[in-house]
Amino acid sequence: MHEVVARTRRVRGLVAVVVGLAVAASIVASSASGSTTPRTARAAAGLKTGLNVYVIPKNLGNNYFTVADSVKTGGALAALQALGEHGTETSGSAATSASQLPAIQAAIAKGANALIVSATDPTALCPTLKQAMARGITVVTYDSDAPTCRDMFINQASTAAIGTSEVDLLAKEIHNTGQIAIVSAAASATNQNAWIGYMKQELKKYPKMKLVSVVYGNDDPTTATQVTSGLLQHYPNLAGIISPTTVGIAAAAAVLDTKQYRGKVKLTGLGTPLSLKKFVNDGTIQAFELWNPANLGYLAAYAAVNYASKTITGAAGQSFKAGKLGTYKIGADHTVLLGPPTVFTKANINKFNF
Ligand code: RAM
(Lines give C-alpha, C1' and ligand atoms only; values in the text may rest on other atoms or scores of the structure.)
Protein backbone atom coordinates (compact mmCIF):
# COMPACT_ATOMS: atom_id res chain seq x y z
CA MET A 1 0.00 0.00 0.00
CA HIS A 2 2.70 2.38 1.05
CA GLU A 3 4.58 1.26 -2.00
CA VAL A 4 1.65 2.08 -4.28
CA VAL A 5 1.07 5.42 -2.71
CA ALA A 6 4.71 6.12 -3.05
CA ARG A 7 4.68 5.00 -6.67
CA THR A 8 1.56 7.03 -7.41
CA ARG A 9 3.22 10.00 -5.86
CA ARG A 10 6.30 9.33 -7.89
CA VAL A 11 4.22 9.11 -11.08
CA ARG A 12 2.38 12.30 -10.18
CA GLY A 13 5.73 13.86 -9.44
CA LEU A 14 7.05 12.76 -12.81
CA VAL A 15 4.02 14.16 -14.59
CA ALA A 16 4.54 17.45 -12.77
CA VAL A 17 8.21 17.50 -13.75
CA VAL A 18 7.41 16.71 -17.40
CA VAL A 19 4.70 19.36 -17.53
CA GLY A 20 7.06 21.77 -15.81
CA LEU A 21 9.78 21.05 -18.34
CA ALA A 22 7.38 21.53 -21.21
CA VAL A 23 6.29 24.87 -19.78
CA ALA A 24 9.89 25.86 -19.18
CA ALA A 25 10.79 24.79 -22.73
CA SER A 26 8.00 26.88 -24.16
CA ILE A 27 9.11 29.87 -22.10
CA VAL A 28 12.64 29.49 -23.43
CA ALA A 29 11.33 28.94 -26.96
CA SER A 30 9.05 31.94 -26.88
CA SER A 31 11.59 34.31 -25.39
CA ALA A 32 14.24 33.01 -27.77
CA SER A 33 12.01 33.50 -30.78
CA GLY A 34 12.70 37.21 -31.30
CA SER A 35 16.03 37.45 -33.05
CA THR A 36 17.17 40.42 -30.98
CA THR A 37 16.43 39.02 -27.50
CA PRO A 38 19.42 38.61 -25.21
CA ARG A 39 18.55 34.91 -24.87
CA THR A 40 19.09 34.38 -28.61
CA ALA A 41 22.44 36.13 -28.36
CA ARG A 42 23.25 33.84 -25.46
CA ALA A 43 22.41 30.73 -27.42
CA ALA A 44 24.51 31.96 -30.32
CA ALA A 45 27.45 32.53 -28.02
CA GLY A 46 27.02 29.04 -26.58
CA LEU A 47 26.79 30.21 -23.00
CA LYS A 48 25.24 28.04 -20.33
CA THR A 49 22.36 29.43 -18.30
CA GLY A 50 21.26 28.65 -14.76
CA LEU A 51 24.82 28.54 -13.43
CA ASN A 52 25.32 29.20 -9.72
CA VAL A 53 27.85 32.00 -9.69
CA TYR A 54 29.14 33.42 -6.40
CA VAL A 55 30.68 36.88 -6.37
CA ILE A 56 33.04 37.06 -3.37
CA PRO A 57 34.62 40.50 -2.79
CA LYS A 58 37.32 41.06 -0.18
CA ASN A 59 34.52 42.05 2.17
CA LEU A 60 30.95 43.29 2.28
CA GLY A 61 30.26 46.85 3.34
CA ASN A 62 33.05 48.37 1.23
CA ASN A 63 31.30 50.70 -1.19
CA TYR A 64 33.85 49.97 -3.92
CA PHE A 65 32.72 46.33 -3.99
CA THR A 66 29.06 47.24 -3.65
CA VAL A 67 29.45 49.24 -6.86
CA ALA A 68 31.47 46.45 -8.52
CA ASP A 69 28.97 43.74 -7.69
CA SER A 70 25.43 45.14 -7.60
CA VAL A 71 22.55 44.84 -10.03
CA LYS A 72 21.63 48.48 -9.43
CA THR A 73 25.02 49.80 -10.51
CA GLY A 74 25.31 47.48 -13.52
CA GLY A 75 28.02 45.38 -11.89
CA ALA A 76 28.68 41.63 -11.71
CA LEU A 77 25.19 40.63 -10.57
CA ALA A 78 23.60 42.70 -13.34
CA ALA A 79 25.66 40.82 -15.93
CA LEU A 80 24.78 37.46 -14.36
CA GLN A 81 21.11 38.38 -14.37
CA ALA A 82 21.24 39.38 -18.03
CA LEU A 83 22.93 36.07 -18.87
CA GLY A 84 20.29 34.01 -17.06
CA GLU A 85 22.54 32.79 -14.24
CA HIS A 86 21.92 32.59 -10.48
CA GLY A 87 24.24 35.25 -9.08
CA THR A 88 24.93 35.68 -5.35
CA GLU A 89 27.25 38.14 -3.64
CA THR A 90 28.75 36.83 -0.42
CA SER A 91 31.77 37.48 1.82
CA GLY A 92 32.73 38.29 5.38
CA SER A 93 32.58 41.69 7.01
CA ALA A 94 36.35 42.25 7.35
CA ALA A 95 38.81 42.29 4.44
CA THR A 96 40.75 39.35 5.86
CA SER A 97 41.13 35.76 4.74
CA ALA A 98 39.66 34.58 8.07
CA SER A 99 36.50 36.47 7.21
CA GLN A 100 36.41 35.68 3.47
CA LEU A 101 37.35 32.00 3.51
CA PRO A 102 34.17 30.68 5.18
CA ALA A 103 32.11 32.44 2.48
CA ILE A 104 34.16 30.74 -0.25
CA GLN A 105 33.79 27.36 1.44
CA ALA A 106 30.04 27.82 1.86
CA ALA A 107 29.67 28.76 -1.81
CA ILE A 108 31.47 25.57 -2.83
CA ALA A 109 29.32 23.50 -0.45
CA LYS A 110 26.16 25.04 -1.94
CA GLY A 111 27.07 23.81 -5.41
CA ALA A 112 28.79 26.79 -7.02
CA ASN A 113 29.59 26.44 -10.72
CA ALA A 114 31.80 29.52 -10.67
CA LEU A 115 33.48 31.76 -8.09
CA ILE A 116 34.45 35.37 -8.78
CA VAL A 117 36.89 36.33 -6.03
CA SER A 118 38.86 39.42 -4.99
CA ALA A 119 41.64 37.80 -2.98
CA THR A 120 42.30 39.13 0.52
CA ASP A 121 45.30 36.83 0.84
CA PRO A 122 46.34 34.41 -1.90
CA THR A 123 48.41 32.23 0.44
CA ALA A 124 45.47 31.61 2.74
CA LEU A 125 42.87 31.21 -0.02
CA CYS A 126 44.77 29.06 -2.50
CA PRO A 127 44.28 25.60 -0.96
CA THR A 128 40.49 26.11 -1.03
CA LEU A 129 40.45 27.71 -4.49
CA LYS A 130 42.60 24.85 -5.83
CA GLN A 131 40.16 22.31 -4.41
CA ALA A 132 37.34 24.18 -6.13
CA MET A 133 39.18 24.10 -9.46
CA ALA A 134 39.87 20.38 -9.03
CA ARG A 135 36.11 19.88 -8.68
CA GLY A 136 35.50 21.65 -11.96
CA ILE A 137 34.36 24.94 -10.46
CA THR A 138 35.46 27.95 -12.48
CA VAL A 139 37.60 30.30 -10.40
CA VAL A 140 37.98 33.84 -11.70
CA THR A 141 39.74 36.50 -9.66
CA TYR A 142 38.91 40.16 -10.11
CA ASP A 143 40.40 43.28 -8.48
CA SER A 144 42.96 41.32 -6.39
CA ASP A 145 44.56 38.23 -7.89
CA ALA A 146 45.54 34.83 -6.55
CA PRO A 147 47.90 34.01 -9.44
CA THR A 148 48.54 30.32 -8.75
CA CYS A 149 44.98 29.22 -8.04
CA ARG A 150 42.56 30.66 -10.56
CA ASP A 151 41.46 30.06 -14.13
CA MET A 152 41.46 33.73 -15.12
CA PHE A 153 42.19 37.15 -13.60
CA ILE A 154 40.23 40.24 -14.56
CA ASN A 155 42.57 43.13 -13.90
CA GLN A 156 41.19 46.65 -13.52
CA ALA A 157 44.08 48.40 -15.25
CA SER A 158 47.77 47.87 -15.94
CA THR A 159 49.42 47.13 -12.60
CA ALA A 160 52.57 48.98 -13.62
CA ALA A 161 50.63 52.01 -14.86
CA ILE A 162 48.67 52.30 -11.61
CA GLY A 163 51.82 52.16 -9.49
CA THR A 164 53.84 54.60 -11.57
CA SER A 165 51.05 57.09 -12.17
CA GLU A 166 50.29 57.39 -8.46
CA VAL A 167 53.91 58.39 -7.79
CA ASP A 168 53.93 60.77 -10.76
CA LEU A 169 50.73 62.48 -9.56
CA LEU A 170 52.16 63.03 -6.10
CA ALA A 171 55.58 64.08 -7.43
CA LYS A 172 53.96 66.88 -9.38
CA GLU A 173 52.15 68.15 -6.30
CA ILE A 174 55.19 68.12 -4.01
CA HIS A 175 57.60 69.36 -6.69
CA ASN A 176 59.49 66.07 -6.70
CA THR A 177 60.73 66.64 -3.15
CA GLY A 178 60.05 65.45 0.38
CA GLN A 179 59.08 62.57 2.62
CA ILE A 180 56.16 60.45 1.49
CA ALA A 181 54.23 57.53 2.96
CA ILE A 182 51.75 54.95 1.76
CA VAL A 183 48.48 54.10 3.50
CA SER A 184 47.66 50.69 2.07
CA ALA A 185 44.88 48.18 2.69
CA ALA A 186 45.82 44.72 4.09
CA ALA A 187 49.47 43.68 4.12
CA SER A 188 48.42 40.46 2.36
CA ALA A 189 46.46 42.11 -0.48
CA THR A 190 47.86 41.12 -3.87
CA ASN A 191 46.66 44.19 -5.72
CA GLN A 192 47.96 46.79 -3.26
CA ASN A 193 51.30 45.00 -2.91
CA ALA A 194 51.76 44.80 -6.67
CA TRP A 195 51.02 48.51 -7.07
CA ILE A 196 53.36 49.40 -4.20
CA GLY A 197 56.09 47.38 -5.91
CA TYR A 198 55.78 49.59 -9.01
CA MET A 199 55.61 52.73 -6.85
CA LYS A 200 58.97 51.84 -5.32
CA GLN A 201 60.47 51.36 -8.78
CA GLU A 202 59.05 54.64 -10.01
CA LEU A 203 60.42 56.48 -6.98
CA LYS A 204 63.93 55.76 -8.27
CA LYS A 205 63.21 58.48 -10.84
CA TYR A 206 62.72 60.98 -8.01
CA PRO A 207 65.87 60.98 -5.85
CA LYS A 208 64.58 63.82 -3.67
CA MET A 209 61.42 61.95 -2.72
CA LYS A 210 61.82 59.53 0.17
CA LEU A 211 59.33 56.80 1.07
CA VAL A 212 59.53 56.77 4.87
CA SER A 213 56.73 54.37 5.78
CA VAL A 214 54.06 51.99 4.51
CA VAL A 215 51.15 51.51 6.91
CA TYR A 216 48.11 49.28 6.64
CA GLY A 217 44.53 50.38 7.27
CA ASN A 218 43.09 46.97 6.28
CA ASP A 219 40.22 48.52 4.29
CA ASP A 220 38.71 49.42 7.65
CA PRO A 221 37.84 53.12 8.14
CA THR A 222 38.78 53.18 11.84
CA THR A 223 42.13 51.46 11.35
CA ALA A 224 42.94 53.60 8.31
CA THR A 225 42.18 56.75 10.31
CA GLN A 226 44.39 55.60 13.18
CA VAL A 227 47.38 54.68 11.02
CA THR A 228 47.14 57.97 9.11
CA SER A 229 47.09 59.98 12.35
CA GLY A 230 50.04 57.92 13.59
CA LEU A 231 52.00 58.72 10.43
CA LEU A 232 51.42 62.45 10.79
CA GLN A 233 52.58 62.42 14.39
CA HIS A 234 55.63 60.32 13.59
CA TYR A 235 56.70 62.26 10.51
CA PRO A 236 55.95 65.96 11.08
CA ASN A 237 57.72 66.83 7.82
CA LEU A 238 55.65 64.48 5.69
CA ALA A 239 54.99 66.08 2.30
CA GLY A 240 52.58 63.57 0.82
CA ILE A 241 50.60 60.35 1.14
CA ILE A 242 49.56 57.82 -1.48
CA SER A 243 46.63 55.61 -0.49
CA PRO A 244 45.87 52.99 -3.15
CA THR A 245 42.65 51.88 -1.49
CA THR A 246 39.23 53.49 -1.63
CA VAL A 247 38.72 53.03 2.11
CA GLY A 248 42.21 54.27 3.00
CA ILE A 249 42.14 57.42 0.86
CA ALA A 250 38.74 58.50 2.22
CA ALA A 251 39.93 58.01 5.80
CA ALA A 252 43.23 59.79 5.14
CA ALA A 253 41.39 62.67 3.45
CA ALA A 254 39.17 63.15 6.49
CA VAL A 255 42.27 63.29 8.73
CA LEU A 256 43.98 65.81 6.43
CA ASP A 257 40.90 67.98 5.99
CA THR A 258 41.86 70.42 8.72
CA LYS A 259 43.57 73.79 8.68
CA GLN A 260 46.75 72.23 10.04
CA TYR A 261 47.22 69.85 7.11
CA ARG A 262 44.99 70.86 4.19
CA GLY A 263 47.11 71.66 1.17
CA LYS A 264 50.29 71.10 3.18
CA VAL A 265 50.33 67.31 3.22
CA LYS A 266 49.30 66.27 -0.27
CA LEU A 267 47.19 63.19 -0.83
CA THR A 268 46.53 61.02 -3.85
CA GLY A 269 45.60 57.41 -4.47
CA LEU A 270 42.67 55.30 -5.62
CA GLY A 271 39.20 56.33 -4.54
CA THR A 272 35.60 56.57 -5.63
CA PRO A 273 34.62 60.00 -6.95
CA LEU A 274 31.46 60.26 -4.81
CA SER A 275 33.35 59.56 -1.57
CA LEU A 276 36.06 62.11 -2.38
CA LYS A 277 34.12 64.90 -4.10
CA LYS A 278 33.98 66.96 -0.92
CA PHE A 279 37.75 66.70 -0.44
CA VAL A 280 38.53 67.62 -4.02
CA ASN A 281 36.22 70.62 -3.85
CA ASP A 282 37.78 71.89 -0.59
CA GLY A 283 41.35 71.40 -1.79
CA THR A 284 42.40 68.46 0.41
CA ILE A 285 42.96 66.34 -2.73
CA GLN A 286 43.96 67.68 -6.14
CA ALA A 287 43.89 64.49 -8.19
CA PHE A 288 43.31 60.77 -7.70
CA GLU A 289 42.45 57.80 -9.87
CA LEU A 290 40.10 54.87 -10.31
CA TRP A 291 38.53 52.68 -12.95
CA ASN A 292 34.79 52.06 -13.11
CA PRO A 293 34.25 49.34 -10.46
CA ALA A 294 30.88 48.31 -11.93
CA ASN A 295 32.50 47.64 -15.30
CA LEU A 296 35.14 45.53 -13.58
CA GLY A 297 32.51 43.33 -11.92
CA TYR A 298 30.47 43.14 -15.12
CA LEU A 299 33.50 42.06 -17.16
CA ALA A 300 34.47 39.47 -14.53
CA ALA A 301 30.97 37.96 -14.69
CA TYR A 302 31.11 37.61 -18.48
CA ALA A 303 34.55 36.04 -18.26
CA ALA A 304 33.42 33.56 -15.60
CA VAL A 305 30.32 32.51 -17.54
CA ASN A 306 32.30 32.13 -20.77
CA TYR A 307 34.93 30.06 -19.00
CA ALA A 308 32.34 27.88 -17.23
CA SER A 309 30.58 27.40 -20.59
CA LYS A 310 33.90 26.37 -22.16
CA THR A 311 33.65 29.00 -24.90
CA ILE A 312 37.12 30.13 -23.74
CA THR A 313 39.96 28.37 -21.96
CA GLY A 314 41.77 31.51 -20.84
CA ALA A 315 44.53 31.16 -23.40
CA ALA A 316 46.19 34.34 -24.67
CA GLY A 317 44.68 35.67 -27.87
CA GLN A 318 41.17 34.29 -27.33
CA SER A 319 38.39 36.82 -27.16
CA PHE A 320 34.89 36.93 -25.76
CA LYS A 321 31.95 39.31 -25.80
CA ALA A 322 31.20 41.17 -22.58
CA GLY A 323 27.72 42.58 -23.29
CA LYS A 324 27.59 46.39 -23.22
CA LEU A 325 31.38 46.62 -22.84
CA GLY A 326 32.10 44.97 -26.17
CA THR A 327 34.71 42.36 -27.04
CA TYR A 328 37.72 41.65 -24.83
CA LYS A 329 40.89 39.80 -25.73
CA ILE A 330 42.66 37.59 -23.20
CA GLY A 331 46.29 38.54 -22.58
CA ALA A 332 49.23 36.68 -21.07
CA ASP A 333 48.75 34.56 -17.95
CA HIS A 334 44.98 34.15 -18.44
CA THR A 335 44.50 37.83 -17.67
CA VAL A 336 42.00 40.32 -19.09
CA LEU A 337 42.51 44.05 -18.70
CA LEU A 338 39.52 46.36 -18.20
CA GLY A 339 41.32 49.47 -19.42
CA PRO A 340 43.05 52.65 -18.31
CA PRO A 341 41.80 54.37 -15.14
CA THR A 342 40.35 57.89 -15.01
CA VAL A 343 42.16 60.71 -13.22
CA PHE A 344 39.64 62.72 -11.22
CA THR A 345 40.12 66.42 -10.49
CA LYS A 346 37.88 69.40 -9.72
CA ALA A 347 37.33 69.71 -13.46
CA ASN A 348 35.60 66.36 -13.98
CA ILE A 349 34.61 64.90 -10.61
CA ASN A 350 31.00 66.06 -10.78
CA LYS A 351 30.40 63.94 -13.86
CA PHE A 352 30.73 60.62 -12.00
CA ASN A 353 28.06 58.96 -9.92
CA PHE A 354 29.87 56.05 -8.24
C1 RAM B 1 39.70 49.04 -1.96
C2 RAM B 1 40.09 47.61 -2.08
C3 RAM B 1 40.20 47.16 -3.50
C4 RAM B 1 40.96 48.16 -4.34
C5 RAM B 1 40.36 49.51 -4.24
C6 RAM B 1 41.12 50.54 -5.04
O7 RAM B 1 38.34 49.21 -2.04
O8 RAM B 1 41.28 47.41 -1.40
O9 RAM B 1 40.82 45.91 -3.54
O10 RAM B 1 41.01 47.77 -5.67
O11 RAM B 1 40.35 49.89 -2.88
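The axis of a helix is here a line fitted to its C-alpha atoms over the stretch in contact, and the angle between two axes runs from 0 to 180 degrees between N-to-C directions. Two packed helices are described by that angle and by the distance between the axes. The model discussed below is a predicted one.

The protein has twelve helices and 14 strands. Of its 354 residues, 47% are buried. Among contacts with a separation of 6 or more, 70% are between residues 24 or more positions apart.

One helix to begin with is α10, which spans residues 246–256. Ten of its eleven residues are buried, so that the helix is mostly covered. The buried residues include Thr246, Val247 and Gly248 at the start of the numbering, and Val255 and Leu256 at its end.

Helix α10 has a packing partner in helix α11, residues 273–281. The two axes come within 10 Å and cross at roughly 25°. Because angles under 35 degrees count as roughly parallel, α10 is roughly parallel to α11. The crossing is left-handed. On the α10 side, the contact is made by Thr246, Ile249, Ala250 and Ala253. On the α11 side, Ser275, Leu276 and Phe279 take part. By class, five of these contact residues are nonpolar, two are polar and none is charged. The four α10 residues in this contact are also among the buried residues of that helix. An α-helix has 3.6 residues a turn, so residues three or four places apart point the same way.

A second pair is formed by helix α4, residues 76–83, and helix α12, residues 293–308. Their axes lie 7 Å apart, and the packing angle is about 40°. This angle makes α4 oblique to α12. Here the crossing is right-handed. Helix α4 contributes Ala76, Ala78, Ala79, Leu80 and Leu83 to the contact. Helix α12 contributes Gly297, Tyr298, Ala300, Ala301, Tyr302 and Val305. The contact has ten nonpolar residues, one polar residue and no charged residues.

The strands can be approached through a single residue. Isoleucine 180 sits in strand β6, residues 178–184. Isoleucine 180 has 26 other C-beta atoms within 10 Å, and therefore counts as buried. Leaving aside neighbours within four places in sequence, its contacts are Leu170, Met209, Lys210, Leu211, Ala239, Gly240, Ile241 and Ile242. One of these, isoleucine 242, is 62 residues from isoleucine 180 in sequence, yet their C-alpha atoms are 7.7 Å apart in space.

Methods: Residues numbered from 1 in each chain as written. Predicted model: local features only at pLDDT ≥ 70, side-chain atom pairs only at ≥ 80, totals over all residues. Buried ≥ 20, exposed ≤ 12 C-beta atoms within 10 Å, placed from the backbone. Helix = DSSP H or I, 4+ residues; strand = E, 2+ residues; numbered from the N terminus. Parallel < 35°, antiparallel > 145°, perpendicular 65-115°, else oblique. Left-handed = near helix turned anticlockwise from the far one by under 90°. Contact = placed C-beta atoms within 7 Å. Nonpolar A, V, L, I, M, F, W, Y, C, P; charged D, E, K, R; others polar.
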